[in-house]
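Biologist: Could you take a close look at the aromatic rings in this structure and set them in the context of the fold? I would value a connected account that gives the geometry with the reasoning behind each label.

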Amino acid sequence: MNKDVISYICLFVILVLVQVLLMNHIVLFNSAVCFIFIYFLIKLPINISVNWVLTLGFILGLSVDILSDTPGLNALSCTILAVLKRPAFFAYVQHDDQMRNISPTMGTMGFFSYCKYIFTMSAIYCMILYFVEFISYIDIADIFIKAGASTLFTFLVILAIDSLVYRN
Amino acid sequence: MRNLLNFLIKYSTWFVFTFYVLISCFLLIKSSKEHYSLYLSSANAVGSTIFKTTSEISNYFNLISVNKSLQESNARLENEVLNLRQQLSQYQVLAQDSAFLSDKIRFDFISASVINNSIRHPRNHFTIDKGASDGIVPGMGVVDQSGVVGIVDVTGQNTARVISLLNQNQHFSVKVKDSPFVGSLSWRGDDPSIAYMEEVPRHAKYHIGDTIVTSGYSTTFPEGINIGTVMGKVRTGDDTFLVLKIRLASNFKTLGTIRVIKDALKQELDSIRNVGNID
């Protein structure tokens, strides 16, 4: 248990740093940004209480916000994503007592269910984020283009990381 | 009492969720309207440590191009110094009774490096590695070698956060060079190399390619600092004012070394302005 907690803390710090120092500066085609740090929310075990997921999500979003000067933006999106994590997970996986103590991975969910799960999470996150940030500035169509491109980018990067980590 | 507790426990998720959403919304709304605390900006202690360390590493990679541009600007400045010295020696005869030359230099520059930058938000900021201990205060103008880039917003001990020119809430008072027509420059959130000069009088004369410079109507920037060039006119429904499309001179994607402008007369001018406001 303790080992898990430490590894999750390390994952948190590394993801926030990678997001702030690297991913925030990579903008493909002037619209696609990779929100790699939501990988932390995606990876949190399913069985821990929703209150904890919400708290961790909020702290995660706020940390990224403070370091990239967008106060409240990522915190709000992460909080909403945290509350939608369980529904997104169980949309592709049968309710099953054996599934309770796991963190979502390719191995435990199966490749296609896992892909659908990551894609849903990325899409929810990008939609909320771009709607909140740009709604009073640009057209709805542009928001959809930006959100769609970012969803795809985020999805591909997370999938790539997972393929590297869980090679067998 | 027990019922109340049961109720609170049963719906705790909703309370926690609402609580976090309210905090986030509060921060969002507050930050879009006013300056917020140092602790919630990238100029705080943790942020400045992280960004300073990484920029020290990443700065090594573009030393060659920085070196080259510095040498070029050095050569240009040396040339200018020679020219000015020559002119000065001609004018020195007149200097005795000239009211315009004073011993006091009004504008001073503090050189600093950009350690964290963003261009993809509607309201962009960047962080620099000099702060209150170097004499930087909020409200000072910031320029790079090509032109205006922003205004200081929050200062920490050794870092400061700057509102980028690419920030839709920030307007700059500008004019067409060598003409009296003043307008307000703002960015519209799409292309980081294009801004718009609004509220230009209908009868203003301009040519495509004309230089746009600061108007000098504020204590933030001296008059005549380069901003960009006119690309053309934008169609609007308003008949009384023109809107000009401006190509910005600075490249915001690769901001490196910048200078913060210190105005020796700022306090004096601001206090005079405040006296006027009271009346």
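**Aromatic rings and their setting**

Modeller: B:Y20 has a relative accessibility of 10% and therefore counts as buried, the cut-off being under 20%. This and every value that follows comes from a predicted model.

Over all chains, a search of the whole structure returns 16 aromatic pairs. One of these joins A:F119 and A:F155: the ring centres are 5.3 Å apart and the planes meet at 85 degrees, so the pair is classed as edge-to-face, a label that requires an angle over 60 degrees. A:F119 belongs to helix α6 of chain A (residues 111-134), while A:F155 belongs to helix α7 of chain A (residues 140-165), so their pairing ties together parts that lie 36 residues apart in sequence. The two partners can also be described by their exposure. A:F155 is buried, at a relative accessible area of 12%, whereas A:F119 is partly exposed, at 36%. The ring of B:Y20, in turn, is paired with that of B:F19; here the centres are 5.7 Å apart and the planes stand at 45 degrees, so the pair is tilted. That label covers angles which are neither under 30 nor over 60 degrees.

Beyond these pairs, chain A contains an aromatic cluster made up of A:F35, A:F37, A:Y125 and A:Y130.

The setting of the rings in chain A is helical. Chain A has 7 helices and 0 strands, and its pattern along the sequence reads α-α-α-α-α-α-α. Its radius of gyration is 15 Å, close to the 15 Å expected from the globule rule for 168 residues, so chain A is as compact as a globular protein of that length. The C-alpha trace of chain A spans about 45 × 30 × 30 Å along its principal axes.

Contacts and burial complete the picture. Among contacts in chain A with a separation of 6 or more, 70% are between residues 24 or more positions apart; the pair of A:F119 and A:F155 likewise connects parts 36 residues apart. Of the 168 residues in chain A, 55% are buried. The accessible surface of chain A amounts to about 7,700 Å², and carbon and sulfur atoms contribute 68% of that area. As for charge, chain A carries 8 positive and 9 negative charges, whose mean positions are 11 Å apart.

Terms used
Residues are numbered from 1 along each chain as its sequence is written. Chains are lettered from A and ligands numbered from 1 in the order in which they are written. This is a predicted model: local features need pLDDT of at least 70, side-chain atom pairs count only at pLDDT 80 or more; totals for chains, interfaces and linings use all residues. Side-chain values use heavy atoms; hydrogens and water are left out. Helices (H or I, at least four residues) and strands (E, at least two) are DSSP runs, numbered from the N terminus. The radius of gyration is taken over C-alpha atoms; the globule rule is 2.2 Å times the number of residues to the power 0.38. Buried means under 20% relative accessible area, exposed over 50%, partly exposed in between (1.4 Å probe, protein chains only). Contact means heavy atoms within 4.5 Å. Accessible areas come from the Shrake-Rupley method with a 1.4 Å probe; for residues, only the protein chains shown count as cover. Lys and Arg count as positive and Asp and Glu as negative; His and the chain ends are not counted. The place of a charge is taken as NZ of Lys, CZ of Arg, CG of Asp or CD of Glu. Rings of Phe, Tyr and Trp (its six-membered ring) pair if their centres lie within 6.5 Å; planes under 30 degrees apart count as stacked, over 60 as edge-to-face and the rest as tilted.
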